[in-house]
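I opened this model to look up how its strands pair, what fills its interior and where its pockets lie. My notes follow in the order in which I looked.

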Amino acid sequence: MEKAQIMDQKAMSRAITRISHEIIEKNKGVKDIYIIGVETKGTPLANLIAEKIGEIEETKIACDSIDITRYRDDITHDKVLDTMDENFNLDVENKTVVLVDDVLYTGRTIRAALDYIIDNGRPKLIQLAVLIDRGHRELPIRADYVGKNVPTSKNESVKVKFSQEDEEGSVTIWE
């Protein structure tokens, strides 16, 4: 059951714009920036951030996505062998990688994404951008860029919707 809406489309857009400016400022520009979204909801957010940075800096920003299924610690590895990404093509070597996900919760998804990236190269730096940080970390992971901090209980969930043709983007809390 939906409990509360915490961001509407306009608030999401403002947060994405702010995060984009913060990324540019912290990195003193966009040289060697590589935006990588964690599938599934991190991917549209990564694309929006890359587009916004591209508009601000008047350049194209490298953006891609990763499927971290085989790196998750809650699935036995014999069940995910089919998800091996033989076409891994991201050139992260000596780049500043901005890893993007919609919601930061326990930190386990980000840990899996970090393993994925590091297994495929050595970035100069990895930063984390999230739309929502809801707390309850199980690992020592924190975001460099946060759209909104939203304290939640463990029995609640946060749902992020990105705008599509007939639906407005929103962030809601569910029980």
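Entry 1, strand pairing. I am working from a predicted model, and I began with β7 and β8, which pair in the antiparallel sense over five bridges. Within this pairing I found S157 standing opposite W174 in β8. I then followed the pairing outwards and noted an open sheet of three strands in the order β1-β8-β7, with antiparallel pairing. The edge strands are β1 (2–7) and β7, each of which pairs on one side only. I also looked up the twist, and neighbouring strands of this sheet are turned by 25° against each other on average, with direction ignored.

Entry 2, the faces of β7. I asked myself which side chains of β7 point to one face and are buried. They are V158 and V160, whereas S157, K159 and K161 point to the other face and are not buried. I set beside this the general rule that side chains in a regular strand alternate between the two faces of the sheet.

Entry 3, the helix on the sheet. I looked up what α1 touches, and noted that α1 lies across β1, β7 and β8, running at about 45° to β1.

Entry 4, the nonpolar cores. The largest nonpolar core has 30 residues, and those with the most contacts inside it are I35, I49 and L131. I listed the elements that give two or more residues to this core, and they are α1 (9–26), β2 (33–38), α2 (42–57), β4 (96–104), β5 (125–133), β7 (157–161) and β8 (170–174). The largest share, seven residues, comes from α1. I then took L131 by itself and, leaving aside its neighbours within four places in sequence, found L131 in contact with residues including M7, M12, A15, L45, V146, V160 and V171. The contacts of L131 also include D101, D102 and K148. Apart from this core I noted another, of 21 residues, with I36, I117, I141 and A143 among them.

Entry 5, the largest pocket. For the largest pocket I noted a volume of about 520 Å³. Its lining has 24 residues, of which R72, D101, D102, V103 and T109 lie nearest the centre of the pocket. I looked up which elements take part, and β4 and α3 (108–119) each supply at least two residues of this lining. I marked D101 and D102 for a second look, since both appear among the contacts of L131 and in the lining of the largest pocket.

Terms used. Residues are numbered from 1 along each chain as its sequence is written. This is a predicted model: local features need pLDDT of at least 70, side-chain atom pairs count only at pLDDT 80 or more; totals for chains, interfaces and linings use all residues. Side-chain values use heavy atoms; hydrogens and water are left out. A nonpolar core is a set of buried Ala, Val, Leu, Ile, Met, Phe, Trp, Tyr and Cys residues joined through side-chain atoms within 4.5 Å. Buried means under 20% relative accessible area, exposed over 50%, partly exposed in between (1.4 Å probe, protein chains only). Helices (H or I, at least four residues) and strands (E, at least two) are DSSP runs, numbered from the N terminus. Contact means heavy atoms within 4.5 Å. Two strands pair if DSSP finds at least two bridges between them. Axes are lines fitted to C-alpha atoms, for helices over the stretch in contact, and angles run from 0 to 180 degrees between N-to-C directions. On a 1 Å grid over the protein atoms alone, a cavity is a set of points where a 1.4 Å probe fits but cannot get out, and a pocket is an open set with protein on both sides within 12 Å along at least five of seven lines; lining residues have an atom within 4 Å of a point. Grid points are joined across faces, edges and corners, and a volume is the space filled by probe spheres set on the points.
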